[in-house]
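I opened the model today and kept notes on what I looked up. The entries follow in the order in which I made them.

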2 protein chains.
Amino acid sequence: MCVQAIIPFKPVNPKTRLSCILTQPEREQFARVMLDDVISAVTGAGCKPYILSTHPFSCDDAETVVKDMGLNEALNACLSALHHPMLIIMADLPLVTVDAVSRLLHTAADVGIVPGRGGGTNSLYIKNPQLFHVDFYGASFRDHVNIARAAGMSIEVIDSFRLHTDVDEKEDLVEILLHGEGKSREFLMELGFALSIEKGRVGIQRNSHK
Amino acid sequence: MCVQAIIPFKPVNPKTRLSCILTQPEREQFARVMLDDVISAVTGAGCKPYILSTHPFSCDDAETVVKDMGLNEALNACLSALHHPMLIIMADLPLVTVDAVSRLLHTAADVGIVPGRGGGTNSLYIKNPQLFHVDFYGASFRDHVNIARAAGMSIEVIDSFRLHTDVDEKEDLVEILLHGEGKSREFLMELGFALSIEKGRVGIQRNSHK
């Protein structure tokens, strides 16, 4: 049976911490290609993607629902209505691969979780959604571990840097150029981004448009 | 047969980017407990650890060699002398687990590599050391991929945030408090470090000594 993969998405003015190097239209395109990479990986891993969007937008490869409530409220409404395993995965994980998603889906635990850098949660796989609820924002990784434990559910932390690496800041683009295998890397290269080495450290620079 | 695990180590004045929150003696102790976590994981995964140290120091759990040359030179001298598979793993990977090291050792490729954040290399497993040489510093991840390819060796990037997370800056300590399972986490907690939540983001604070 197909696992539903819910992907929260903000198509309008996303990734504002990248404003120093990307214009708003570029950030919107960039968010969209990162989403495409996530859709492609979850589909390849056998999931059916659903976009939970803050604004209307069109997507050929996934059903889209526009939410008129907070992220936690919207996700918890999905969780309480489902009787089948559910994947929640963030849209800003451009290093994602089919293998990484498959490892998460094959957890022996009741809940598989992938932490983001700095205490967040990048992905959750919940076998019995009715027993779980999400609490994103802040130290959500710890909160989700505690929620699972309080419900008597076993939890496994999936060890993947591909799912651990969310993109918020300029330095994160280095990881895409180094390890990306999808559209996000292609997009950045078309915009003229390239790696730069300064004083032995790897950074990023933007060359003039091709 | 036992795989040799070479662990480069700097016992004197290490991790200077942590000077803002740790004194030199604390940084030296901290480097040592991180090393202990790495020794413990590689030993658990069936390797025999060797410390390649910049200065003399005593260690009960591993043989120690003091190198009087550069890191690349010293490692390449080891590589060219070995006829058996060899693991190179950095000493500042306190999230390391036996499972993560085992995944690296079980690669089907000729070379398994774990990138560090920002283009470095955190670990390399080389089945035929005589065909390979290392080139650490700078964009070493790309360099190592190219060295393997030029030698006709297949290479696999191991997808592990536990081995991907090296510790250099204050923010990295958050990851240890959240995901550490060894002595490094214990050490930081004993020094009074704790997570702090400010404006929805997870940070770290140091309370007065217990």
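Where in chain B does Thr54(B) lie? I found Thr54(B) in the loop between strand E2 (47–53) and strand E3 (63–66) of chain B. I note at the outset that this is a predicted model.

I then looked up how far Thr54(B) is covered. Its relative accessible area is 27%, so I put Thr54(B) down as partly exposed; the buried class would need a value under 20%, and the exposed class one over 50%.

Next I listed the contacts of Thr54(B), leaving out residues up to four places away in sequence. Thr54(B) touches Phe9(B), Lys10(B) and Pro11(B), and also Val66(B) and Lys67(B). I also checked a separation along the same chain: Ala77(B) is 23 residues from Thr54(B), and their C-alpha atoms are 15 Å apart.

I moved to His179(A). Helix H6 of chain A covers residues 172–179, and His179(A) lies in this helix. Is His179(A) buried or exposed? Its relative accessibility is 3%, and therefore His179(A) counts as buried.

Which residues are in contact with His179(A), neighbours within four places in sequence aside? From chain A I noted Leu95(A), Phe161(A) and Arg162(A), and from chain B Pro115(B) and Phe141(B).

With contacts to chain B on the page, I compared the two chains. A turn of 180° with a shift of 0.0 Å along the axis lays chain A on chain B, at an RMSD of 0.0 Å. I entered this as a two-fold axis, because that is the relation such a turn and shift describe. The same surface serves both copies, as 100% of the contact residues of chain A recur in chain B.

I closed with chain A as a whole. I counted seven helices and nine strands in chain A. The C-alpha trace spans about 55 × 40 × 30 Å along its principal axes. For 210 residues a compact globule would have a radius of gyration near 17 Å, and chain A agrees because its value is 17 Å.

Of the 210 residues of chain A, 55% count as buried. Taking contacts between residues at least 6 apart in sequence, I found that 61% join residues at least 24 apart. The accessible surface of chain A is about 9100 Å², and carbon and sulfur atoms hold 49% of that area.

My last entry is on charge. Chain A carries 20 positive and 26 negative side chains. The centres of these two sets lie 5 Å apart.

How values were computed: Residues are numbered from 1 along each chain as its sequence is written. Chains are lettered from A and ligands numbered from 1 in the order in which they are written. This is a predicted model: local features need pLDDT of at least 70, side-chain atom pairs count only at pLDDT 80 or more; totals for chains, interfaces and linings use all residues. Side-chain values use heavy atoms; hydrogens and water are left out. Helices (H or I, at least four residues) and strands (E, at least two) are DSSP runs, numbered from the N terminus. Buried means under 20% relative accessible area, exposed over 50%, partly exposed in between (1.4 Å probe, protein chains only). Contact means heavy atoms within 4.5 Å. Copies are superposed by least squares on the C-alpha atoms of residues with pLDDT of at least 70 in both. The radius of gyration is taken over C-alpha atoms; the globule rule is 2.2 Å times the number of residues to the power 0.38. Accessible areas come from the Shrake-Rupley method with a 1.4 Å probe; for residues, only the protein chains shown count as cover. Lys and Arg count as positive and Asp and Glu as negative; His and the chain ends are not counted. The place of a charge is taken as NZ of Lys, CZ of Arg, CG of Asp or CD of Glu.
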